[in-house]
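Here are some short exercises for getting to know a new structure. Keep the viewer open and try each task before reading its solution.

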Amino acid sequence: MMSFIKKQFIDILEWQEQEDGVLAWRYPMQDNEIQYGGSLTVRESQAAVFINEGKIADVFEPGMYKLTTQTLPVLTYLKNWDKLFESPFKSDVHFFSTRLQLGRKWGTAQPLTIRDQDFGMVRLRAFGVYSYRVADPRLFFTEVSGTRDSYSRDDLELQLRNQVVATMSSVLGGSGVPFLDMAGNQGLMADKIREALLPVFQRLGLELDSFAVENISLPEELQKAIDKRIAMGMAGDLNQYTRYQAAESIPLAAQNEGGIAGLGAGLAAGVGVGQLMGQAMQQAVQPEAAPGAPAAPAAAPAADNPQAKLAQLKGLLDQGLITQADYDAAKADVLKKLVG
């Protein structure tokens, strides 16, 4: 009799989610029993699972339910309610948060080694964010949370991050896409990884909502090698590159006293280097002349030295033989022909 008096009958079962980050929570039953005809409130972004004698009795979506044999038909057999035995009953009630868990971070604790078409074996790091939700409370209970009083996303995400990294390594290693193309199409790469992760999450009763790759990085030594390759590609034709540098230097040289004369020397040297390298490359690809064959015609003489022309114009200006306007026009013509 005393044990019966001490028992409390629960009329209302609900979960107010006072703590963030909890995915599953068991209602504190202790030795209490649920009143027949009691109320179960499941809020939006929640689900509830009834466990009776170790078995899942039912799963409730958002709504308010009166707990009778109509709402819990499984208990008709378990509690003999088919004989109108309407007594309190003992069951475990687990609530689940089904809302999106946003901004969850993932990253490679150690570099991943993959085979790359351009650089051979590459060790890379990556990180990003993803979001998910509990989509199947029954499966999540049986596979993940179990009978624990509370199960948080921190308990889950260590395992999830390991699954993400393992799947990402498999996808990148088998894609055959060069690293440079990967880095330029992070959105496409994220879609491929998400597609491979979907069944992994589904097996746990989860739904992967979004997956993003925010950054992919290489070891410093390999990044330096890529930077050198980019610089060589930007240089392109050496003659064109020398002319571009000359054109960029003209405004700065004009601001300094005697700058034009120095500029002329620099331009002549730059053009000479470009011509010498061009001649050397041409000779390297020409076949060797047969004995007795006439020698190849000599290359056309180089254009007049622009430095000499500019110096000559400056001398005429200093002697008063030409005006400042004449000098400026002639100088502009020389430079135009040089960089044109």
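**Exercise 1. Find the bridge partner of Val-49 in β7, then work out how β4 sits among its neighbours.**

Solution.
Step 1. In this predicted model, Val-49 of β4 has His-94 as its bridge partner in β7.
Step 2. Now widen the view to the two strands: β4 and β7 (residues 92-97) run antiparallel and are joined by 6 bridges.
Step 3. Strand β5 (residues 55-60) also pairs with β4, again in the antiparallel sense, over 5 bridges. Here Ala-48 stands opposite Phe-60 of β5.
Step 4. Follow the chain from β4 into β5: the two form a hairpin with 2 residues between them, and Glu-53 in the turn has a positive phi of about 55 degrees.

**Exercise 2. Decide whether the residues of β4 are buried or exposed, and sort them by the way they point.**

Solution.
Step 1. Recall that side chains in a regular strand alternate between the two faces of the sheet.
Step 2. Sort the residues: Gln-46, Ala-48, Phe-50 and Asn-52 point one way, while Ala-47, Val-49 and Ile-51 point the other way.
Step 3. Check burial, for which the relative accessible area must be under 20%. In β4 (residues 46-52), 7 of the 7 residues are buried, so the strand is largely enclosed by the rest of the structure.

**Exercise 3. Look just before β4, at Ser-45, and describe its phi and its exposure.**

Solution.
Step 1. Place the residue: Ser-45 lies in the loop between β3 and β4.
Step 2. Most residues other than glycine have a negative phi. Ser-45 has a positive value, near 70 degrees.
Step 3. Its relative accessibility is 25%, so Ser-45 counts as partly exposed.
Step 4. For another positive phi, go to Glu-17, where the value is near 50 degrees. Glu-17 lies in the loop between β1 and β2 (22-26).

**Exercise 4. Work out which strands stand at the edges of the open sheet that contains β1, β3 and β6.**

Solution.
Step 1. Write down the order of the 3 strands, β1-β3-β6, and note that the pairing is mixed.
Step 2. β1 (9-13) and β6 (63-66) each have a single partner strand, so one side of each is left without a neighbour in the sheet, and these are the edges.
Step 3. Add the twist: neighbouring strands of this sheet are turned by 15 degrees against each other on average, direction ignored.
Step 4. Zoom in on one pair: β1 and β3 (residues 33-42) run parallel, joined by 4 bridges. Within this pair, Ile-12 stands opposite Ser-39 of β3.

**Exercise 5. Classify the ring pair of Phe-140 and Tyr-151.**

Solution.
Step 1. The structure has 12 aromatic pairs. In the one formed by Phe-140 and Tyr-151, the ring centres are 6.0 Å apart and the planes stand at 80 degrees, so the pair is edge-to-face.
Step 2. Locate both ends: Phe-140 is in helix α3 (residues 137-145) and Tyr-151 in strand β11 (residues 150-152), 11 residues apart.
Step 3. Check burial: Phe-140, at 0% relative accessibility, is buried, and Tyr-151, at 8%, is buried too.

**Exercise 6. Find what joins the side chains of Gln-101 and Arg-153.**

Solution.
Step 1. Gln-101 belongs to strand β8 (residues 101-107) and is buried, with 2% relative accessibility.
Step 2. A polar contact of 2.8 Å joins its side chain to that of Arg-153.
Step 3. Gln-101 also touches other residues, including Leu-23, Tyr-130 and Tyr-132.

Technical notes
Residues are numbered from 1 along each chain as its sequence is written. Side-chain values use heavy atoms; hydrogens and water are left out. Buried means under 20% relative accessible area, exposed over 50%, partly exposed in between (1.4 Å probe, protein chains only). Two strands pair if DSSP finds at least two bridges between them. Rings of Phe, Tyr and Trp (its six-membered ring) pair if their centres lie within 6.5 Å; planes under 30 degrees apart count as stacked, over 60 as edge-to-face and the rest as tilted. A polar contact is a pair of N or O atoms within 3.5 Å; within protein, one must be able to donate a hydrogen and the other to accept it, and residues adjacent in sequence count only if both atoms are side-chain atoms. Contact means heavy atoms within 4.5 Å. Axes are lines fitted to C-alpha atoms, for helices over the stretch in contact, and angles run from 0 to 180 degrees between N-to-C directions. Lists of a residue's contacts leave out its neighbours within four places in sequence.
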